[in-house]
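Here is a short tour of some side-chain pairings and one helix packing. Have the viewer open as you read along.

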Amino acid sequence: MFSNSAQKPDLTEINHPLIYKGQESELPSGYNKDCLVAMPRDPYWLFCYWDFNEQTWQKLTDYQNNICTLRIRSKDTELLKVPVSLLAKSWYVHGNFAGLPLTIDLGIETQDGYLPFLTSNIVNMPPDSISQKTDELWLSIDELYLDEYYTKIGASPLFWQKEGKKKAQYMASPMPLKEAKQKEHLLVCDTDLIVYGKTTPGSVLLQNEQTVPIDTNGNFQMKLKLNEGLQNIELVSYAKNGLVKSKIITIKRG
Amino acid sequence: MTKGYLAIVLHAHLPYVRDLGPDGALEEDWLYEAIIETYIPLIRILEKLEADRLSVRLGLSITPPLLNMLSDKILLKRFLKRLDLLIDMSFQEVARTKDSYPFCETAELYQEILKDTKKRINGSENYVSSRFAHFQKIGLIEILASCATHGYLPLLNVVPQSQKAQIKEGINEYHRFFQKDPVGFWLPECGYTPGVDKYLADANIRYFLTDTHGVLNADTRPRYATYAPIYTPNAVAAFARDFESSKQVWSATEGYPGDFDYRDFYRDIGFDLDYKYLKPLLEPIGIRKMTGFKYHRITGKSDHKEPYNPMHAAYKAKLHAANFVFNREAQVNYLSSVMDRPPILVAPYDAELFGHWWFEGPLFLEEVLRLTCQSPTLQLLTPCDYLKKHPTNQVATPSSSSWGYNGYNEVWLENSNDWIYPHLHEASILLNELAKRGNPTTLKKRILNQASRELLLAQSSDWAFIMKTGTVAEYAIRRTKEHLKNFNDLLVLYDTADPNLENLERLEKLNAIFPGIDYRIFA
């Protein structure tokens with residue numbers, strides 16, 4: 001009844017106007033402009049592409065014997081350098097970039113140091129884990145607003161601009177939960193952990209691979225969830241000059 | 001007593017594959033198959049639920065390329081022609097299988113489906129979207145807006161005006177088709193990156209969906225994990241995909257659609273039967289292809305396939321639906337015991353999974369909706385309904401994320417497709433500069449409007465996705481290059497003192513999507 005013997009066709013062997021044969025018009029190989037664009041692929045891979053205008057290409061011929069590198073930095077801290085071929089015009093860079101704001105320079109290694117030619121846009125690499133930050137902020141949106149919004153069929157966006165678009169109100173934690181109030185008797189207790197310290201100003205500080213903001217004097221403070229049992233808090237500071245220091249604090253919650 | 005909520009959201013999308021040649025494009029079959037196998041079965045379910053007066057709530061996003069194709073007269077005419085051929089074949093199939101059980105039952109089922117489809121579509125322009133608009137009006141579904149051409153927003157943020165244009169034109173199209181403001185917005189591929197919410201807020205959107213880790217890895221730890229939404233700093237709610245309900249349906253190894261009793265998608269008479277018998281269905285090219293007549297069940301992991309039995313499969317779909325609802329009830333029973341508000345389980349799926357890829361999917365879905373309506377603990381709602389009940393939510397910025405392989409941008413940014421971005425970004429920069437300039441002549445506006453259509457079409461995430469999967473990669477490469485070349489040609493025309501309009505007129509007919517577009521969306 002069913003043979004199942006027919007092979008699926010190889011479209012490349014068939015001539016028909018509806019079957020595309022790969023004769024599409026080619027796009028320009030470049031747009032004669034200097035550019036270096038960075039794009040995140042995932043928390044660990046960064047993609048970039050670059051191009052130069054004619055003058056820059058000309059200038060670069062003076063350095064054809066030098067090593068060309070991509071320099072990856074987070075703010076002012078260099079994270080790594082990757083040698084590349086300028087002609088490749090695009091590159092994937094691997095690193096432990098989760099949660100970091102990154103900038104790429106494309107430049108030449110010279111006897112006098114690194115000579116950057118192009119600097120990219122800043123990309124915020126996605127985090128790869130749950131945030132340690134637990135400072136909660138809550139927002140209430142007027143119920144009536146949603147009701148009106150939902151039922152007002154055909155209302156023009158101008159109507160909402162006129163009415164004031166965001167009928168919303170920010171609240172600081174703790175949040176006033178209606179559901180919590182409805183319970184007869186309630187006692188909820190919890191505690192958080194404050195970690196503070198100081199590092200060299202301008203460094204990049206990571207706590208369990210998440211960046212920790214530091215002020216201009218190098219001071220930092222963060223609030224962490226205090227979990228049951230043993231908890232290791234690892235802090236790693238990357239200084240601008242390439243030095244790295246780390247500290248581990250162990251806490252036990254009974 | 002309701003202990004928690006279930007929000008099912010279906011995402012219906014196909015890329016714009018309309019062609020003006022006398023026989024259309026081969027890829028138009030994607031649309032025809034989806035109408036027969038997914039969109040009309042979904043309409044049938046909703047009609048039954050409406051008749052039974054069940055308080056169902058379902059989210060549905062329908063993208064502008066799909067809405068445009070569903071209302072296109074040329075495509076409608078070609079679809080009816082295709083449908084006639086399929087109905088003719090169904091008569092032959094009923095005759096051919098009449099003495100062999102259970103093939104005869106499957107053949108009759110196909111004939112019934114095809115005849116019903118013809119009856120519904122025949123003479124009715126815009127049938128599918130007008131039916132969905134009806135179901136929205138009576139409160140069975142809530143339709144979400146989406147990007148103009150399914151642009152993948154995390155990789156368009158090098159020129160954020162492109163993100164804005166994708167969102168704005170998507171919402172303009174929603175107004176055109178549904179005559180109301182959208183409340184929810186489907187981010188293509190659940191692709192979110194911080195900043196997108198600003199454009200959504202500017203367009204009065206109240207919520208969008210992300211993958212699980214989009215909310216879970218937000219910059220502040222979400223108190224309720226993925227079981228409550230968070231508000232972004234721009235006051236738009238982000239609802240996260242529930243991992244467990246997703247896995248039960250999507251997982252290649254454990255998911256329901258892979259059950260051995262379900263119909264096999266790949267075994268099709270287009271590859272099994274005599275060529276002469278099939279010839280009318282294989283026109284105009286004459287190559288063997290899928291016809292939709294499939295008579296075997298998945299059976300197992302080998303090529304050996306047993307006959308498909310529709311009754312057995314329908315029974316299995318009901319069992320799976322009961323299992324799905326049981327598991328959701330168990331989830332909310334547990335979660336409600338540790339949360340001080342009812343948890344919400346958000347279950348987004350590609351609409352085309354139900355019916356097209358998973359033939360029994362619509363049966364499963366209908367049963368899930370019915371059982372949830374009867375559940376004492378679980379309540380169906382849409383994300384908007386949830387926000388009305390729970391307007392107070394935590395504020396945090398979701399993490400960049402998508403529901404693609406590995407959860408980030410890898411599918412749309414890898415060796416096969418990364419070459420498209422320098423061109424897409426350059427075109428966006430050029431159009432943004434032109435859009436910011438003063439008032440051009442009517443003709444120049446017309447040229448820029450068409451250039452906007454071409455750029456939006458080039459930005460469809462489908463092309464990068466197809467290049468990655470490699471199935472019809474050449475088509476995707478051609479489409480990307482064609483739209484970018486059309487864009488470049490139009491910009492040359494824009495700078496020409498006395499332009500020849502032949503090419504502009506040709507492109508306006510060929511890529512006739514977004515009739516009301518205004519290029520200043522790129523400003």
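Let us begin inside chain B, where the side chains of R18(B) and D72(B) form a salt bridge, with 2.6 Å from N to O. This is a predicted model, so please read each value below as computed from it. The two partners come from distant parts of the chain, 54 residues apart. R18(B) sits in the loop between β1 (4-12) and α1 (28-51) of chain B, while D72(B) belongs to the loop between α2 (64-70) and α3 (73-96). Are these residues buried or exposed? R18(B) is buried, at a relative accessible area of 9%, and D72(B) is buried too, at 12%.

A second pair in chain B is D29(B) with K289(B), whose side chains meet in a salt bridge at 2.8 Å, N to O. Here D29(B) is part of helix α1 and K289(B) lies in the loop between α11 (275-282) and α12 (310-338), so the bridge ties together parts that are 260 residues apart in sequence. Both D29(B) and K289(B) are buried. Salt bridges with shared partners also build one network, made up of R44(B), E47(B), D116(B), R120(B) and R131(B).

Over all chains, the whole structure holds 40 salt bridges. One of them pairs the side chains of E136(A) and R223(B), at 2.7 Å from N to O. E136(A) is in the loop between β8 (123-124) and β9 (137-141) of chain A and R223(B) is in the loop between α8 (212-216) and β6 (230-231) of chain B, so this pair joins two chains. E136(A) counts as buried, with 14% relative accessibility, whereas R223(B) is partly exposed at 41%.

The three pairs are set out here for reference.

| Salt bridge | N to O distance |
|---|---|
| R18(B) and D72(B) | 2.6 Å |
| D29(B) and K289(B) | 2.8 Å |
| E136(A) and R223(B) | 2.7 Å |

Now for the helices. How do α9(B) and α12(B) pack? Helix α9 (residues 243-250) of chain B meets α12(B) at an angle of about 165°, and their axes are 10 Å apart. That angle makes α9(B) roughly antiparallel to α12(B), and the crossing is right-handed. On the α9(B) side the contact is made by E244(B), S245(B), Q248(B) and V249(B). N323(B), F324(B), N327(B), R328(B) and Q331(B) contribute from α12(B). Sorted by class, this contact has two nonpolar, five polar and two charged residues.

Definitions and conventions: Residues numbered from 1 in each chain as written. Chains lettered and ligands numbered in written order. Predicted model: local features only at pLDDT ≥ 70, side-chain atom pairs only at ≥ 80, totals over all residues. Heavy atoms only, no water. Salt bridge = Lys/Arg side-chain N within 4 Å of Asp/Glu carboxyl O. Helix = DSSP H or I, 4+ residues; strand = E, 2+ residues; numbered from the N terminus. Buried < 20%, exposed > 50% of the residue type's maximum accessible area, 1.4 Å probe, protein only. Axes fitted to C-alpha atoms, helices over the stretch in contact; angles between N-to-C directions. Parallel < 35°, antiparallel > 145°, perpendicular 65-115°, else oblique. Left-handed = near helix turned anticlockwise from the far one by under 90°. Contact = heavy atoms within 4.5 Å. Nonpolar A, V, L, I, M, F, W, Y, C, P; charged D, E, K, R; others polar.
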